[in-house]
Amino acid sequence: MIFTVAIDGPAAAGKGTISRAVAARFGFRHLDTGLLYRAVGAKGGDPIAAAQNLTAADLSRDDLRSMEAGQAASKVAAISEVRAALIAFQRGFARGEGGAVLDGRDIGTVICPEAEVKLYVTASAEVRAHRRWLEVGGVEAQVLVEVKERDDRDMNRADAPLKPAADAVIIDTSHMSIDDAIDAACAEILAHRA
Ligand code: CDP
């Protein structure tokens, strides 16, 4: 069986939590594609070389979830050669045997337009910044500024900009509990499974 669930959306929308829950529920593999860009940004030096030579050790650094790593990720993610270097791995993961959940920005539009299920998970910038602030601490107003800045960069880059695929189902989690959002995602998957 090959079955791909693409989960895209802006920063801190809850994609990671939903993806992990969906993968556990259906026994699918999960790839957090944001981690690839975070690892490239955190490595420093030439980002194209970093993307071409990414190692498991790069991906297991413990500083990848920080706000700084998020900003660095969105800067290197605008470089076409960086994106190109990461495509084959992501496509192989998406279309390998067994179900796969990938979360990111361009999964339904570029990496796997043939995905059986495409979700676009979003929420207001204020709600997303509040959730991220609960995770990382610091000054909430500054987290909001950085979330908006990153979304702006991700939505306006020339290569693979963040946007919902034409056939994506939008899940706005602004007024939803995480359990309700997971249920909504699972319902979509059940509806598409033969
Ligand atoms: O967890 P959060 O939503 O804050 O971010 P992330 O998914 O870890 O992604 C970090 C950054 O990597 C994003 O702001 C994008 O610039 C970039 N990214 C991308 O360009 N394409 C993807 N498929 C995933 C992430």
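**Reading helix faces, a pocket and two unusual backbones**

Modeller: Let's start with packing: the buried residues of α9 are covered by elements that include α2, α5 and α8. Keep in mind that this is a predicted model.

Colleague: Which residues of α9 are buried?

Modeller: They are V143, E146, V147, R150, D151 and D154. The general idea helps here: an α-helix has 3.6 residues a turn, so residues three or four places apart point the same way. In this helix, the buried residues cover an arc of only 135 degrees around the axis, which puts them on the same side of α9.

Colleague: And what sits on the face of α9 turned away from its buried side?

Modeller: That face carries the exposed residues A141 and N156. As for length, α9 has 17 residues and reaches 24 Å from first C-alpha to last, close to the 24 Å expected at 1.5 Å a residue.

Colleague: Let me try α8 next. Which of its residues are buried?

Modeller: A125, R128, A129 and R132 are buried in α8. They lie on the same side of the helix, because their arc around the axis is only 95 degrees. The elements covering them include α2 (34-43), α5 (67-76) and α9 (140-156). Helix α8 itself runs over residues 125-136, twelve in number, and its reach of 16 Å is close to the 16 Å expected.

Colleague: What happens to the backbone just after α8?

Modeller: G137 takes a positive phi of about 75 degrees there. The background is that most residues other than glycine have a negative phi, and most peptide bonds are trans. That makes two alanines worth a look in this model. A12 is not a glycine, yet its phi is positive, about 55 degrees; A160, also not a glycine, has a positive phi of about 50 degrees.

Colleague: Where are these two alanines, A12 and A160?

Modeller: A12 is in the loop between β1 (2-8) and α1, while A160 is in the loop between α9 and β5 (169-172).

Colleague: Is A12 buried or exposed, and what about A160?

Modeller: A12 counts as buried because its relative accessibility is 10%, and the cut-off for buried is under 20%. A160 is buried too, with a relative accessible area of 8%.

Colleague: How should I read empty space in the model?

Modeller: Rolling a probe the size of a water molecule over the atoms shows where empty space is left. Here, the largest pocket holds about 630 Å³ of space. Its lining has 36 residues, and those nearest its centre are A12, K15, G16, R65 and R132. So A12 and R132 turn up again.

Colleague: Which element gives the most to the lining of the largest pocket?

Modeller: That is α1, with five residues. Others giving two or more include α2, α5, β3 (98-104), α8 and α9. By residue type, the lining divides into eleven nonpolar, ten polar and 15 charged residues.

Colleague: Can we look at single residues in α1 and α2?

Modeller: Take S19, in helix α1. S19 is buried, with a relative accessible area of 0%. Beyond neighbours within four places in sequence, S19 is in contact with I7, H30, V101 and D103. In helix α2 we find A39, which is buried at a relative accessible area of 1%. Its contacts, with the same neighbours left aside, are L54, D58, L59 and L64. The C-alpha atoms of A39 and D63 are 9.2 Å apart, although 24 residues separate them along the chain.

Colleague: Finally, which residues are buried in α10?

Modeller: A181, I182, A185, C186 and I189. Seen down the axis, they fall within an arc of 135 degrees, so they line one face of α10. What covers them includes β1, α1, β4 (117-122) and β5. The face turned away carries the exposed residues D179 and A191. D180 is in α10 as well, and at 43% relative accessibility it counts as partly exposed.

Terms used:
Residues are numbered from 1 along each chain as its sequence is written. This is a predicted model: local features need pLDDT of at least 70, side-chain atom pairs count only at pLDDT 80 or more; totals for chains, interfaces and linings use all residues. Side-chain values use heavy atoms; hydrogens and water are left out. Helices (H or I, at least four residues) and strands (E, at least two) are DSSP runs, numbered from the N terminus. The expected span of a helix is 1.5 Å times one less than its number of residues. Buried means under 20% relative accessible area, exposed over 50%, partly exposed in between (1.4 Å probe, protein chains only). The arc is that of the directions from the helix axis to the C-beta atoms. Contact means heavy atoms within 4.5 Å. On a 1 Å grid over the protein atoms alone, a cavity is a set of points where a 1.4 Å probe fits but cannot get out, and a pocket is an open set with protein on both sides within 12 Å along at least five of seven lines; lining residues have an atom within 4 Å of a point. Grid points are joined across faces, edges and corners, and a volume is the space filled by probe spheres set on the points. Ala, Val, Leu, Ile, Met, Phe, Trp, Tyr, Cys and Pro count as nonpolar, Asp, Glu, Lys and Arg as charged, and the others, Gly among them, as polar.
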